[in-house]
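Please open the structure in your viewer and keep the selection tool at hand. The tour below goes from stop to stop.

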Amino acid sequence: MRYLLMLILWLGATCWHTSAAQRGSDLYIPAAKQGKVEIPFEYENNFIVIEVIFNRIFPLRFILDTGAEHTILTNREITDMLAIDYQRRFTILGADMQTELYAYLVRGIQMEIQDMDFLNRSILVLEEDYFRFDQFAGINVHGIIGADMIRRFVVEINYRRKTVTFHDPRRFNERRVTDFTVLPTDFHRGKPYISTYTRLANNQEINTKLLMDTGASISLLLYTDTDTLLSLPEKVIPGSLGMGLGGSLDGYMGRVDQFRLDEDIVFRELITNFQELHPNADSTYLNDRNGIIGNRLLNRFTVIIDYIRGRVYLRQVEDLQEDFAFDKSGLVMRAFGASLNNFEVFYVIPGSPADEAGLRKGDELVRINWLPAFFFNMEGITSKLSKREGKKIRLVVKRNGEKMRFTFLLRDLL
């Protein structure tokens with residue numbers, strides 16, 4: 001999956017006040033639930049999407065994001081309609097850690113997730129929808145649930161059953177995780193950082209500190225300028241990694257020779273995104289990390305994050321060596337329209353099959369392999385372009401009002 005969504009927040013120590021109510025009295029599991037609440041989610045384009053009732057009125061969809069410190073509403077129109085008072089305007093940093101964006105603090109928000117009420121919340125509301133999940137991930141969401149709402153619990157993510165279970169840490173039975181692997185974890189500002197080991201083609205194993213980020217739809221991202229040994233592999237694809245908070249993310253896609261979470265949890269030839277941070281980037285909140293682990297890797301496990309005791313547990317449910325499906329066309333698409341089932345080319349990787357066939361940025365997709373484009377969602381389009389090497393793809397696109405036909409064979413770009 002090419003789309004990477006990251007949040008880097010800058011909030012001064014005097015700029016964020018947590019009320020007494022938020023320190024625990026409003027975060028609890030109803031007694032009738034016997035210490036846990038299981039919540040279903042939709043797994044869309046490698047994002048965990050949860051239904052939320054916002055302020056007792058609006059049914060909204062939020063992404064569960066362990067890589068975000070704060071809960072964020074991306075659609076300011078909602079709080080405008082409710083005439084909610086904006087307490088203060090904050091500067092936040094974009095995904096490049098230098099572009100300044102803006103958000104507002106709002107207080108007294110109520111968020112209901114199935115049988116759980118999160119009362120009297122303080123959240124951030126973006127001045128504009130900088131994420132644009134709808135366009136670049138092809139999913140309709142209204143915000144992200146961050147650590148401020150989940151760090152009072154033991155959080156269990158079951159990707160196979162598509163459930164998130166919130167456990168009361170006082171009643172969580174640690175005997176049920178005896179068959180899980182415990183990972184060395186450091187929690188900083190409510191976010192889990194995992195100690196891992198990465199080996200590139202130079203056969204040197206590097207100790208890498210990675211943020212466990214369920215708000216990222218990738219498998220692995222490495223910042224190449226955080227360690228002299230984190231050099232680019234010999235074979236990479238340059239270009240856009242997708243959209244982050246406030247703009248396009250440029251970098252490379254390649255493979256690492258080996259990625260190890262534990263002696264028994266080893267990935268080989270793992271598809272990896274590589275990004276070089278801008279030299280003027282404010283890295284204060286990187287917390288010395290070397291990159292990110294996202295959902296495309298995490299979904300091969302049942303994941304338990306014990307925020308109270310500072311532990312992360314993994315239990316393997318999928319074959320670690322099974323190939324990660326990835327695009328073999330060279331097309332990065334953007335969704336638009338009321339139902340997000342219209343698509344246009346956002347970027348074409350130079351030298352890719354799509355580039356060689358003559359496709360260009362701005363081409364609007366009309367048909368793919370004889371079927372109208374509006375039959376698909378973004379995940380379906382991505383799946384079509386990630387099939388086996390040699391698969392023939394026939395596209396009809398509209399360019400400057402004229403329909404044009406293109407044919408190419410998918411090819412492993414890595």
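What follows is a walk through a predicted model, starting with the whole chain and then moving to single residues.

**The whole protein**

Show everything as a cartoon first. The protein has 414 residues, and 57% of them are buried. Colour by secondary structure, and 6 helices and 28 strands should appear. Switch to a surface view: about 17600 Å² is exposed, with carbon and sulfur atoms supplying 44% of that area. As for contacts between residues at least 6 apart in sequence, 67% of them join residues at least 24 apart.

**The nonpolar cores**

Select Phe259, Leu261 and Phe267. These residues belong to the largest nonpolar core, which has 68 residues, and they touch the most other members of it. Now keep Phe267 alone and show what surrounds it. Beyond its neighbours up to four places away in sequence, Phe267 touches Asp257, Gln258, Phe259, Leu261, Leu297, Arg300, Phe301, Leu320, Gln321 and Phe324. Another core, of 22 residues, lies apart from the largest one; Ala335, Val348, Leu365 and Phe408 are among its members.

**Salt bridges**

How many salt bridges does a search of the whole structure find? The count is 22. Three of these pairs and one network are worth a selection each.

Begin with Arg56 and Asp117, whose closest N and O atoms are 3.5 Å apart. Arg56 sits in the loop between β3 (47-54) and β4 (58-64) while Asp117 is in strand β8 (residues 116-126), so this salt bridge ties together parts that lie 61 residues apart in sequence. Measure between the C-alpha atoms of Arg56 and Asp117 in the viewer, and the separation in the model is 10.0 Å. Arg56 is partly exposed at 47% relative accessible area, and Asp117 is also partly exposed, with 26%. Setting aside residues within four places in sequence, the contacts of Arg56 are Gln110, Glu112, Asp117 and Leu119.

Next select Glu156 and Arg176, which form a salt bridge with an N to O distance of 3.0 Å. Glu156 is part of strand β10 (residues 154-158) and Arg176 of the loop between β11 (163-167) and β12 (181-183), so the pair links parts 20 residues apart in sequence. Are these two side chains in buried or exposed positions? Glu156 is buried, with a relative accessible area of 8%, whereas Arg176 is partly exposed at 36%.

The third pair is Glu318 and Arg160, with 3.4 Å between the closest N and O atoms. Glu318 is in the loop between β22 (311-316) and β23 (331-336), and Arg160 is in the loop between β10 and β11, so the salt bridge ties together parts 158 residues apart in sequence. Glu318 is partly exposed, at 32% relative accessible area, and Arg160 is exposed, at 56%.

Then select Glu174, Asp306, Arg309 and Arg311 together. Salt bridges with shared partners join these residues into one network.

**A buried charge without a partner**

Go to Asp65, in the loop between β4 and β5 (72-73). Which side chain of opposite charge is nearest to Asp65? The answer is Lys191, 8.6 Å away; Asp65 is buried but has no salt bridge. A salt bridge needs a nitrogen and a carboxyl oxygen within 4 Å, so a separation of 8.6 Å does not qualify. Leaving out residues up to four places away in sequence, Asp65 touches Ile144, Ile145, Gly146, Ala147, Asp213, Thr214 and Gly215.

**Strand β25**

Select Glu364, which is in strand β25 (residues 364-368). Glu364 is partly exposed, with a relative accessible area of 28%. Its contacts, not counting residues up to four places away in sequence, are Phe336, Phe343, Glu344, Val396, Val397 and Lys398. The C-alpha atoms of Glu364 and Phe346 are 9.6 Å apart, and these two residues are separated by 18 residues along the chain.

**A nonpolar surface patch**

For the last stop, select Leu371, Phe374 and Phe375 with the surface on. Together they form a nonpolar patch on the surface, with about 330 Å² of accessible area. Phe374 lies in the loop between β26 (371-372) and α6 (378-384). Its relative accessible area is 51%, and exposed means over 50%, so Phe374 counts as exposed.

Terms used: Residues are numbered from 1 along each chain as its sequence is written. This is a predicted model: local features need pLDDT of at least 70, side-chain atom pairs count only at pLDDT 80 or more; totals for chains, interfaces and linings use all residues. Side-chain values use heavy atoms; hydrogens and water are left out. Patches are made of residues with over 30% relative accessible area and no salt bridge: like charges are joined within 9 Å, nonpolar side chains (Val, Leu, Ile, Met, Phe, Trp, Tyr) within 5 Å. Accessible areas come from the Shrake-Rupley method with a 1.4 Å probe; for residues, only the protein chains shown count as cover. Helices (H or I, at least four residues) and strands (E, at least two) are DSSP runs, numbered from the N terminus. Buried means under 20% relative accessible area, exposed over 50%, partly exposed in between (1.4 Å probe, protein chains only). Lys and Arg count as positive and Asp and Glu as negative; His and the chain ends are not counted. Contact means heavy atoms within 4.5 Å. A nonpolar core is a set of buried Ala, Val, Leu, Ile, Met, Phe, Trp, Tyr and Cys residues joined through side-chain atoms within 4.5 Å.
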